[in-house]
Amino acid sequence: MQIVFSTKGLDARHSFMRWREALEVQKANVDLQHLDDAPFEAKVENSTIGPLPVTRMSQSALRTEVRKFGAWRQGREGMATAAFKLAGTSNSFQDGRDAVLSTGDLYILDKRPMVLTTSAGAQVLFVELPRERLESVLGSTRHYTALRIGAELGSTSLARTFFEELVRLGDRLAPEAADRMASVGVDLIVASIAERLAKDVPQPLHGTVVVQRAKTFVEANLGDPTLGPSQLAAAVGVSLRRLQELFSEHGQHISDWIWQRRLEAAAKRLIDPGVRHLPIGTLAYGCGFASQAHFARRFKAQYGKTPSEYRTESLLKAS
């Protein structure tokens, strides 16, 4: 990662002022309060993994109140932030929730007013990811911002370890591989949030969360040709009839939604330069289709072109 700010080597009497100035240059509308008498220390490192901006930040005890996101965030309006707590403790307040966070925990922040309070020696890995990807599976971010997604969850631990390793090895990945790994990482974060939401959610939201968990399971198992409504209901712990009722409330049918996601995944892979060498049949099987003929029929009905025509057309546009 590239260091973009550090108080190392600065006169300790002026380090906090320099941190304020760094934020002012970025036009961030924030209020800062240094919480102890020790010399202020901070370090910010940036990197990019595929399309995902990643920031690792360490700092002294500090209260940061963000009143409004300024021009420095332009171009990232469609992004929310996943924050992995790497060291120390902190408190996150947003959308009426107040989370006390320890090493290993995950929490979500969005581009709305918030307050973050950190202990001395705190370190966080921030990953900006498409809000649409979160909300397509989990609903509005307002349901889970500043919600502690604990380190005790296996999915949280896996997601954190994955991104720590991804940051460490990112410069060794080809662009296409980095894009794919970033997509895997986003899916892990989505799975962590879904697992946490399922633990204690207000009753009116229970049906929504069950559907969210079901969709997360589908995303992780698209390549399984046996995946169907019955298996999905068993995976999320409800009856098939109840799951069908919940999908109907969202204007969807379980089987139709599964096939739709398989077709969308296949279409994406057909135009992915990183798998251009793979036969269409291999891509079809990888998306859960039992035969290439079945895949071709469904694909043409959805996109108006055969899979080979779709791939060829995308290659011509790219050349």
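This report describes the overall build of a predicted model and then its aromatic pairs and two buried residues.

**Overall build**

The chain has 319 residues, and 45% of them count as buried. Its secondary structure consists of 11 helices and 11 strands. Measured out along the principal axes, the C-alpha trace spans about 70 × 50 × 30 Å. Among the contacts in the chain with a separation of 6 or more, 70% are between residues 24 or more positions apart.

The accessible surface of the chain is about 15,900 Å². Carbon and sulfur atoms account for 52% of that surface. Charged side chains number 41 positive and 35 negative. The centres of these two sets lie 4 Å apart.

**Aromatic pairs**

The chain holds 12 aromatic pairs. One of them is formed by F16 and F40, whose rings are edge-to-face. This pair links distant parts of the chain, with the two residues 24 positions apart in sequence. F16 belongs to helix 1 (residues 15-25), while F40 is in the loop between strand 2 (29-34) and strand 3 (42-49). F16 counts as buried because its relative accessibility, 16%, is under 20%. F40 is also buried, with a relative accessible area of 3%.

A second pair joins W259 and F289, and here the arrangement is tilted. The two residues are 30 positions apart and again link distant parts of the chain. W259 lies in helix 8 (residues 254-270), and F289 is in the loop between helix 9 (280-286) and helix 10 (292-303). W259 has a relative accessible area of 19%, so this residue is buried under the 20% limit. F289 counts as buried as well, at 2% relative accessibility.

The geometry of both pairs is set out below.

| Pair | Centre to centre | Angle between planes | Arrangement |
|---|---|---|---|
| F16 and F40 | 5.1 Å | 65 degrees | edge-to-face |
| W259 and F289 | 5.3 Å | 40 degrees | tilted |

The angle between the planes of W259 and F289 is 40 degrees, which is neither under 30 nor over 60, and the pair therefore counts as tilted. For F16 and F40 the angle is 65 degrees, and the pair is edge-to-face because this is over 60.

**Surroundings of W259**

W259 and F289 belong to one aromatic cluster together with F295, F299, Y303 and Y310. Two arginines also lie over the ring of W259. The charged end of R262 sits 4.7 Å from the ring centre. R298 lies over the face of W259 at 4.4 Å from the centre of the ring.

**Two buried residues**

T64 is part of strand 5 (residues 62-68). Its relative accessible area is 14%, so T64 is buried. Beyond its neighbours within four places in sequence, T64 is in contact with V30, D31 and L32, and also with M114, V115 and L116.

A233 is found in helix 6 (residues 229-236). A233 is buried because its relative accessible area is 2%. With residues up to four places away left out, A233 touches V238, S239, L240 and L243. V211 is 22 residues from A233 in sequence, and their C-alpha atoms are 9.9 Å apart.

How values were computed:
Residues numbered from 1 in each chain as written. Predicted model: local features only at pLDDT ≥ 70, side-chain atom pairs only at ≥ 80, totals over all residues. Heavy atoms only, no water. Helix = DSSP H or I, 4+ residues; strand = E, 2+ residues; numbered from the N terminus. Buried < 20%, exposed > 50% of the residue type's maximum accessible area, 1.4 Å probe, protein only. Contact = heavy atoms within 4.5 Å. Areas by Shrake-Rupley, 256 points an atom, 1.4 Å probe, with all protein chains shown as cover. Lys, Arg positive; Asp, Glu negative; His and termini not counted. Charge placed at Lys NZ, Arg CZ, Asp CG, Glu CD. Phe/Tyr/Trp six-rings, centres within 6.5 Å; stacked < 30°, edge-to-face > 60°. Lys NZ or Arg CZ within 6 Å of the ring centre and 35° of its normal.
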